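Visitor: I am new to protein models and would like to learn how to read one. Could you walk me through it?

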Amino acid sequence: MFAGSGCSYSAAGKAFLFSLYNINGYAPVKLTQYDDLPQHAMYHCSSLGPTFRDIRISNDAINNNNSYTHCGHTYTAPPGYPRHSSCPFFAGSYWFSPTDIEVFYETLAY
């Protein structure tokens, strides 16, 4: 995931990650951005699915285990996980194939 490959990071000042339910049964949690890294909130790359630096969803993710999570790079780490670590919090393992993921975005009404 390098910006030089035709892919790039972008800012999203209101972006956050939210886990309503996860495989380990943790309570719902909202992970906000660290103040010093808002320019890395999202990663745009045509060869990937939705990517928010800390969570990468691979292309055709339902058919492979190439998606992964890191904790605490751009978004706060979940309780009990150190910043900048491999993170099984969301899916129960570092590498995974998602069964459910939702991405929402805000639009401006004119």
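Guide: We will go through the pocket, the surface and a few single residues in turn. Please keep in mind that this is a predicted model.

Visitor: Let's begin with empty space. How much space lies in the largest pocket?

Guide: The general idea comes first: rolling a probe the size of a water molecule over the atoms shows where empty space is left. In this structure, the largest pocket holds about 1200 Å³ of space. Its lining is made of 29 residues, and the closest to the pocket centre are Phe-18, Asp-100, Ile-101, Glu-102 and Val-103.

Visitor: Which elements give two or more residues to that lining?

Guide: Those are strand 2, residues 17-19, and strand 6, residues 55-58. Strand 2 provides the largest share, three residues.

Visitor: And how do the lining residues divide into nonpolar, polar and charged?

Guide: You will find 20 nonpolar residues, five polar ones and four charged ones in the lining of the largest pocket.

Visitor: Now the outside. Which residues make a nonpolar surface patch?

Guide: Look for Phe-16, Phe-18, Leu-20 and Tyr-21, which together make a nonpolar patch of about 500 Å² on the surface. You have met Phe-18 already, as one of the residues closest to the centre of the largest pocket. Phe-18 sits in strand 2.

Visitor: Why does Phe-18 count as partly exposed?

Guide: Partly exposed covers the range between the cut-offs of 20% and 50% relative accessible area. Phe-18 counts as partly exposed because its relative accessibility is 47%.

Visitor: Where is Trp-95, and does the same reading work there?

Guide: Trp-95 belongs to strand 9, residues 95-96. Its relative accessibility is 45%, so Trp-95 counts as partly exposed.

Visitor: Next, backbone angles. Which residue has a positive phi of about 55°?

Guide: As background, most residues other than glycine have a negative phi. Here, Asp-60 has a positive phi of about 55°, although it is not a glycine. You can find Asp-60 in the loop between strand 6 and strand 7, the latter being residues 67-71. With 47% relative accessibility, Asp-60 is partly exposed.

His-84 is another case to look at: its phi is near 65°, a positive value in a residue other than glycine. His-84 lies in the loop between strand 7 and strand 8, where strand 8 is residues 85-86. At 48% relative accessibility, His-84 counts as partly exposed.

Visitor: What about distances? How far apart in space are Arg-53 and Tyr-75?

Guide: To read this feature, put the separation along the chain beside the separation in space. Arg-53 and Tyr-75 are 22 residues apart in sequence, and their C-alpha atoms are 8.4 Å apart in space. Arg-53 is in the loop between strand 5, residues 48-51, and strand 6. Arg-53 has a relative accessible area of 22%, so it is partly exposed.

Visitor: How far apart are Pro-79 and Ser-67?

Guide: Pro-79 and Ser-67 are twelve residues apart in sequence and 22 Å apart in space, C-alpha to C-alpha. Pro-79 is in the loop between strand 7 and strand 8.

Visitor: Is Pro-79 buried or exposed?

Guide: Pro-79 counts as exposed because its relative accessibility is 60%, and the cut-off for exposed is over 50%.

Conventions:
Residues numbered from 1 in each chain as written. Predicted model: local features only at pLDDT ≥ 70, side-chain atom pairs only at ≥ 80, totals over all residues. Heavy atoms only, no water. 1 Å grid on protein atoms, 1.4 Å probe; cavity = no way out; pocket = protein on both sides within 12 Å on 5 of 7 lines; lining within 4 Å. Points joined across faces, edges and corners; volume = space filled by probe spheres on them. Helix = DSSP H or I, 4+ residues; strand = E, 2+ residues; numbered from the N terminus. Nonpolar A, V, L, I, M, F, W, Y, C, P; charged D, E, K, R; others polar. Patch = residues over 30% accessible without salt bridge, like charges linked within 9 Å, V, L, I, M, F, W, Y side chains within 5 Å. Areas by Shrake-Rupley, 256 points an atom, 1.4 Å probe, with all protein chains shown as cover. Salt bridge = Lys/Arg side-chain N within 4 Å of Asp/Glu carboxyl O. Buried < 20%, exposed > 50% of the residue type's maximum accessible area, 1.4 Å probe, protein only.
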